[in-house]
Amino acid sequence: MIDIENKYIHAKEIDPIRGKPAYAIVNTKSGSEIACVAWHTGWRRFVMYTDTPVVFDIGCLKSIIKFIEGLKP
């Protein structure tokens with residue numbers, strides 16, 4: 001578990017995607033993986049992907065942004 005300074009969600013390192021680190025964004029209460037942070041080759045930066053619609057409040061979004069900003073390519 002990677003603490004991203006939010007009581008509702010955290011990050012978890014998962015298998016690399018296309019040779020780059022990848023992380024699941026996990027609902028702390030249910031343990032459900034709700035998003036993925038991984039390298040986007042076209043944009044040459046880490047981005048967040050979702051498979052299904054998700055709802056984040058501003059606090060969760062700020063935590064995710066801070067986490068992504070701290071990642072090194």
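1. Helices here are DSSP runs of H or I with at least four residues, and strands are runs of E with at least two, numbered from the N terminus. By that criterion Ser-63 belongs to helix α1, and much of this note concerns that helix and what surrounds it. The model is a predicted one, and the remarks below should be read in that light.

2. Helix α1 runs over residues 58-69, that is, 12 residues, and its span from first C-alpha to last is 16 Å, close to the 16 Å expected at 1.5 Å a residue. At its N-terminal end the helix is capped by Asp-57, one of whose side-chain oxygens lies 3.1 Å from the backbone nitrogen of Gly-59.

3. The helix has a buried side and an exposed one. Cys-60, Ser-63, Ile-64 and Phe-67 are the buried residues of α1, and, because they fall within an arc of 95 degrees when seen down the helix axis, they line one face of it. In general, an α-helix has 3.6 residues a turn, so residues three or four places apart point the same way. On the other side of α1, Ile-58, Lys-62 and Glu-69 are exposed. The buried residues, for their part, pack against β1, β2 (20-27), β3 (33-40) and β4 (45-49).

4. Glu-69 is a useful example from the exposed side. Its place is in helix α1, and it counts as exposed because its relative accessibility is 62%, where the cut-off for that class is over 50%. The C-alpha atoms of Glu-69 and Val-47 are separated by 9.8 Å, although their positions lie 22 residues apart along the chain when counted as a separation in sequence.

5. Ser-63, on the buried side of α1, has a relative accessibility of 8% and therefore counts as buried. Its side chain has a polar atom 3.5 Å from the backbone oxygen of Glu-5, and it also makes a polar contact with the side chain of Asn-6 at 3.3 Å. Leaving aside residues up to four places away in sequence, Ser-63 touches Ile-4, Glu-5 and Asn-6.

6. Asn-6, the partner of Ser-63 in that side-chain contact, sits in the segment before β1 and counts as buried because its relative accessibility is 15%. Its side chain also turns to the backbone: a polar atom lies 2.8 Å from the backbone nitrogen of Tyr-8, and the backbone nitrogen of Ile-9 is reached at 3.3 Å. Beyond residues up to four places away in sequence, Asn-6 touches Gly-59, Cys-60 and Ser-63.

7. Ala-11 lies in strand β1 (residues 9-17) and is buried, with a relative accessible area of 0%. Its contacts, not counting residues up to four places away in sequence, are with Met-1, Ile-2, Ile-4, Ala-24, Ile-25 and Phe-67, of which Phe-67 is one of the buried residues of α1. Ala-11 and Ser-63 are 10 Å apart in space, C-alpha to C-alpha, while 52 residues apart in sequence.

8. The structure holds 2 salt bridges. In one of them the side chains of Lys-66 and Glu-5 meet at 2.9 Å, N to O; because Lys-66 lies in helix α1 and Glu-5 in the segment before β1, this pair ties together parts that are 61 residues apart in sequence. Glu-5 is exposed, at a relative accessible area of 57%.

9. A salt bridge also joins Glu-33 to Lys-12, with the closest N and O atoms 2.7 Å apart. The pair links distant parts of the chain, Glu-33 being in strand β3 and Lys-12 in strand β1, 21 residues apart. Glu-33 is partly exposed, with a relative accessible area of 48%, and Lys-12 is partly exposed as well, at 34%.

10. How many disulfides does the structure contain? The count comes to 0. The sulfur of Cys-36 has its closest cysteine sulfur in Cys-60, at 17 Å, which is too far for a bond, given that a disulfide requires sulfur atoms within 2.5 Å. Both residues are nevertheless buried: Cys-36 has a relative accessible area of 18%, and Cys-60 has a relative accessibility of 7%.

Methods. Residues numbered from 1 in each chain as written. Predicted model: local features only at pLDDT ≥ 70, side-chain atom pairs only at ≥ 80, totals over all residues. Heavy atoms only, no water. Buried < 20%, exposed > 50% of the residue type's maximum accessible area, 1.4 Å probe, protein only. Contact = heavy atoms within 4.5 Å. Expected span 1.5 Å × (residues − 1). Arc of directions from axis to C-beta. Polar contact = N/O pair within 3.5 Å; in protein donor to acceptor, adjacent residues only side chain to side chain. Salt bridge = Lys/Arg side-chain N within 4 Å of Asp/Glu carboxyl O.
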